[in-house]
Structures are given as structure tokens and as C-alpha cells.
Amino acid sequence: MLTIKCARCGAKLMKYEKVGKGRVLRCFKDRIVKDYTVKNGNLVQCPYCGNVIGKDQGSFIKMCQGSFTYKGTKIP
């Protein structure tokens, strides 16, 4: 389970179940356990500072690298 936080202000954005090794490029919506983000059209933003975290692509969110940090364990 990963905890994804905003790189700008450090606010908690979501809890995500990452499967497999590697970077977080996409967050599939069915694996998001808790979501604290704000949707503005197809943009996914931090609710506190407005930092754009990713773009909603339907079944997943395409993450913008460098706009978030994460901590936790990945499921192999």
C-alpha cells in the first residue's frame, strides 16, 4: 500500500495499491483505496495548493512525474 503525497505542500492525496515493481506512472481507479484529490475537468489536483498531480484518462489517472512523492510497500 502506497501513500501518495503532494510534492509541493506535503498533503496526503491518496492511498494506492501498487502491483509490481517500477515507478508510479498510472494509478488505476479500482486500486485507489482512499482518494483526497480534487477533480477540475480532467485534471487531478491537490485540494490544498492546487498542484496538478495527473490527468484523468477514464479507467486510470496518468500521473505527472515530479508533482508527487510516495512511501510504502509495493505488492510483488
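## A salt bridge at Asp 35

Asp 35 is partly exposed, with a relative accessible area of 36%; that label covers values between buried (under 20%) and exposed (over 50%), taken with a 1.4 Å probe and protein chains only. The model you are looking at is predicted, so local features need pLDDT of at least 70 and side-chain atom pairs count only at pLDDT 80 or more, while totals for chains, interfaces and linings use all residues. Residues are numbered from 1 along each chain as its sequence is written, and side-chain values use heavy atoms, leaving out hydrogens and water.

Asp 35 has a partner: Lys 39 forms a salt bridge with it, and the closest N and O atoms are 2.8 Å apart. A salt bridge here is a side-chain nitrogen of Lys or Arg within 4 Å of a carboxyl oxygen of Asp or Glu. Lys 39 is also partly exposed, at 41% relative accessibility.

## A bridge across the chain

The whole structure holds two salt bridges. Besides the pair just described, Asp 56 bridges to Lys 29, again with 2.8 Å between the closest N and O atoms. This pair links distant parts of the chain, 27 residues apart: Asp 56 belongs to strand E7 (residues 52–56), and Lys 29 to the loop between strand E3 (26–28) and strand E4 (32–35). Strands are DSSP runs of E with at least two residues, numbered from the N terminus. Asp 56 is partly exposed at 22%, and Lys 29 is partly exposed at 35%.

## The nonpolar core

Which residues have the most contacts inside the largest nonpolar core? They are Ile 4, Cys 27, Ile 61 and Met 63, in a core of 16 residues. Strand E1 (2–6), strand E2 (12–16) and strand E8 (60–63) each give two or more residues to this core. Such a core joins buried Ala, Val, Leu, Ile, Met, Phe, Trp, Tyr and Cys residues through side-chain atoms within 4.5 Å.

Take Ile 61 as an example: leaving aside neighbours within four places in sequence, its contacts (heavy atoms within 4.5 Å) include Met 14, Leu 25, Cys 27, Ile 32 and Val 44. Arg 26 and Lys 29 are also among the contacts of Ile 61.

## Two more places to visit

The charged end of Arg 26 sits over the ring of Phe 60, 5.5 Å from its centre; this calls for CZ of Arg or NZ of Lys within 6 Å of the ring centre and within 35 degrees of the ring normal.

Asn 51 lies in the loop between strand E6 (43–45) and E7. Is Asn 51 buried or exposed? Asn 51 is buried, with a relative accessible area of 10%. Leaving aside neighbours within four places in sequence, Asn 51 touches residues including Cys 6, Ala 7, Arg 8 and Ser 67.

Methods: Helices (H or I, at least four residues) and strands (E, at least two) are DSSP runs, numbered from the N terminus.
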